[in-house]
Amino acid sequence: MRMYDLIMKKRNGGALSEDEIAFMVKGYTNGEIPDYQMSAMMMAIYFQGMDETETLSLTMAMAKSGDMLDLSEISGVKVDKHSTGGVGDKTSLVLTPMVAALGVPVAKMSGRGLGHTGGTIDKLESFTGFSTVISEEQFKENVNRIGIAIMGQTADLAPADKKLYALRDVTATVDNMSLIASSIMSKKLAAGADAIVLDVKTGSGAFMKTQEESFGLANAMVKIGTGAGRNTVAVVSDMDQPLGFAVGNALEVKEAVATLNGEGPDDLEELCLTLGSYMVVAAKKATDVGEAREMLKKCIEDKSALRKLAEFIEAQGGDKELVYHTDRLPKASMIEEIASPAEGYVQNIVCDEIGICSLILGGGRETKESVIDLSVGLVLHKKVGDYVRQGESLATIHANDREKLNAAKQRFLNAYTINDTPVTKKPLIRGIVTR
Ligand code: URA
C-alpha cells in the first residue's frame, strides 16, 4: 500500500477501506508517513468528506493507536460523560458525585488542557491536598469502594489523534465534522467506558456555533459510539452565554457545591439532571429518564450527592471540610463589582469573551506551561433577558492584579449588549440525539 495512492483516491472522491485507514494511521503514528502526506490527506478529507464507515474506521484506528483502558475489574456499567466545552461548564463537578451517589461507577481519566479556566482536575485542586496522581490499582479500588475516582492521564490514550489534531490545527483542517467526531470519540473509546453521554454545546461560546452544526456533530458521534458497541447518547445544550454564574476555578467549585446543596443556578441544575438521567439509565440503575430524574433530585435533597463529593475528595487526599465550608476555598485579593453602564434588558453576551476575561485574570492556561490562579474569575449577576438598572452590578470580578482586573473589566463590558427591548430566552436543552 502507498500513501500516495490513498491521497489520490480520497482526492478523487473515493471511499477508503478499513485496511487503508489502519495503514495510514499506523504509518503516521510511527513516523513512516510524513506530515506533508498526512496534511494532503486531511485536506482531501476536508473537501471530499468521509462516509459513516470510514469515520468509524478512522476512530477505531486512532483509539487503538495507544493504550485501551480495561475497566473490567470495576463492577457495574461504567458510564463516561464528555462535554465539547464551554464557558463556566462545571457540570462534571456536580454530575459525577450525583450519579455516583446512585451507584453508577465513575472512573474518569482526565487531562488538563488549555482553556479559559482549568479542566476538571485543576478545579478539583481548589480542595487543599487533592491529587489525581494515584496508581491504577488505587484508582480501581476507589471506584469499587466509594464509586468514584479521577486519575490524571498517565496512559497513552489515542496518540494518533494527538499527532493528527496538532497537524490539523496548523493546516486549516480542524473544522470537518467527521474529523472532529472521530478525534473526540477515539479518546472516549480508549478510556474504556461501556456507555458514553455527550454534552454537545451550541452557540457563541461553543466549538460549534450553530444548532445545525451541533446536531451534525452529535449525530456523527452517536453513530460512532453505537458502531463501536458503546451505548451513546448526546444532549445538545446552549452555550450562547456562560453556564451558571461562576467562571473561574475555585468560584466554579463553590457554585458546584451550592448546586449539590440545592442552591445552584437553574440552568446548571437542569443540565445536570438531564445528562445525569441518561447516565443513570445507561448504567441500568433506572428504567427510564423520568425515574432517573426523580432519583437524582432526591440525592440533592437528601445531600447524599454532597456527601459523595466529600468522600471522593477525601479519598484522593483533599480536605473534605472545604465541601462544607466553601468560604475557605482559594480567594482573590481584589473583589470588585462591574457596574452596568446602561439600563435595560441584557440582549446578548458574547460568551467567548467572558471566558477570555477569566483567561486574562490568570484563571486559564495560554500555554501548557502556564500556572493557573485558582482564585480568580467572575460571578455574573445578569444573564440574557435579565433587566438591569444603570450602575447596578453586572458581575463581581475576582483578581490578584490591578492591570489584569482593569483589562478584564473593559473586555467584560464590551461583551454585553443592553437595550430597551424585552428578550425571549432561548431554551437550555436544544435536543437529545440517540441512535
Ligand atoms: N476537540 C477534539 O478533541 N478534537 C477535535 O478535532 C476538535 C475538538
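1. Let's start at G152, which sits in strand β3, the run from residue 148 to residue 152. This is a predicted model, so keep that in mind throughout. Is G152 buried or exposed? With a relative accessible area of 15%, G152 is buried, because anything under 20% counts that way.

2. Who are the neighbours of G152? Leaving aside residues up to four places away in sequence, G152 touches M109, S110, I121 and T132. T132 is worth a look in the viewer: G152 and T132 are 20 residues apart in sequence, yet their C-alpha atoms are 5.0 Å apart in space.

3. Now step back to the whole chain. The chain is split into domain 1 (3-49), domain 2 (79-325) and domain 3 (331-419). If you want a sense of the layout, the C-alpha centres of domain 1 and domain 3 are 44 Å apart.

4. On to the helix pairs, beginning with α1 (residues 3-11) and α2 (residues 18-29). Their axes come within 11 Å and cross at roughly 125°. That angle makes α1 oblique to α2, and the crossing is left-handed. On the α1 side the contact uses M3, L6 and K9, which meet E20, F23 and M24 of α2. By class, the residues of this contact are 4 nonpolar, no polar and 2 charged.

5. Just past that pair you can find G31, in the loop between α2 and α3 (35-48). G31 has a relative accessible area of 49% and is partly exposed. That value falls in the partly exposed class because exposed means over 50%. For a long-range reference point, try S214: G31 and S214 are 183 residues apart in sequence, and 34 Å separates them in space, C-alpha to C-alpha.

6. Next, α5 (residues 91-101) and α12 (residues 266-282). How are these two helices packed? The angle is about 45° and the axes are 10 Å apart, which makes α5 oblique to α12. The crossing of α5 and α12 is right-handed.

7. Staying with α5 and α12, here is what to highlight. From α5, pick T91, V94, L95, M98 and V99; from α12, pick L268, L271, C272, L273, L275, G276, M279 and V280, since these are the residues that meet. How many of the residues in this contact are charged? There are no charged ones; the contact divides into 11 nonpolar and 2 polar residues.

8. A couple of backbone oddities deserve a check. A172 has a positive phi of about 55° although it is not a glycine. You'll find A172 in the loop between α8 (159-169) and α9 (177-190). Its relative accessibility is 55%, so A172 counts as exposed.

9. The other one on my list is K303, again a residue that is not a glycine but has a positive phi, here about 70°. K303 is placed in the loop between α13 (289-301) and α14. At 30% relative accessibility, K303 counts as partly exposed.

10. Move along into α14 (residues 304-315) and you come to A310. Buried or exposed? A310 is buried, with a relative accessible area of 3%. Not counting residues up to four places away in sequence, A310 touches K320, V323 and Y324. As for a more remote residue, A310 and S135 are 175 residues apart along the chain, and their C-alpha atoms are separated by 20 Å.

11. The last stop is α16 (residues 351-361) with α17 (residues 402-415). The axes of α16 and α17 come within 9 Å and cross at roughly 180°. α16 and α17 are therefore roughly antiparallel to each other, because angles over 145 degrees count that way.

12. To see the α16 and α17 contact, select E353, I354, I356, C357, I360 and L361 in α16, which meet K404, L405, A407, A408, R411, F412 and A415 in α17. What classes do these residues fall into? The contact of α16 with α17 has 10 nonpolar and 3 charged residues, and no polar ones.

Terms used:
Residues are numbered from 1 along each chain as its sequence is written. This is a predicted model: local features need pLDDT of at least 70, side-chain atom pairs count only at pLDDT 80 or more; totals for chains, interfaces and linings use all residues. Side-chain values use heavy atoms; hydrogens and water are left out. Domain bounds come from an automatic or database domain assignment. Axes are lines fitted to C-alpha atoms, for helices over the stretch in contact, and angles run from 0 to 180 degrees between N-to-C directions. Helices (H or I, at least four residues) and strands (E, at least two) are DSSP runs, numbered from the N terminus. Angles under 35 degrees count as roughly parallel, over 145 as roughly antiparallel, 65 to 115 as roughly perpendicular and the rest as oblique. A crossing is left-handed if the near helix is turned anticlockwise from the far one by less than a right angle, and right-handed if clockwise. Contact means heavy atoms within 4.5 Å. Ala, Val, Leu, Ile, Met, Phe, Trp, Tyr, Cys and Pro count as nonpolar, Asp, Glu, Lys and Arg as charged, and the others, Gly among them, as polar. Buried means under 20% relative accessible area, exposed over 50%, partly exposed in between (1.4 Å probe, protein chains only).
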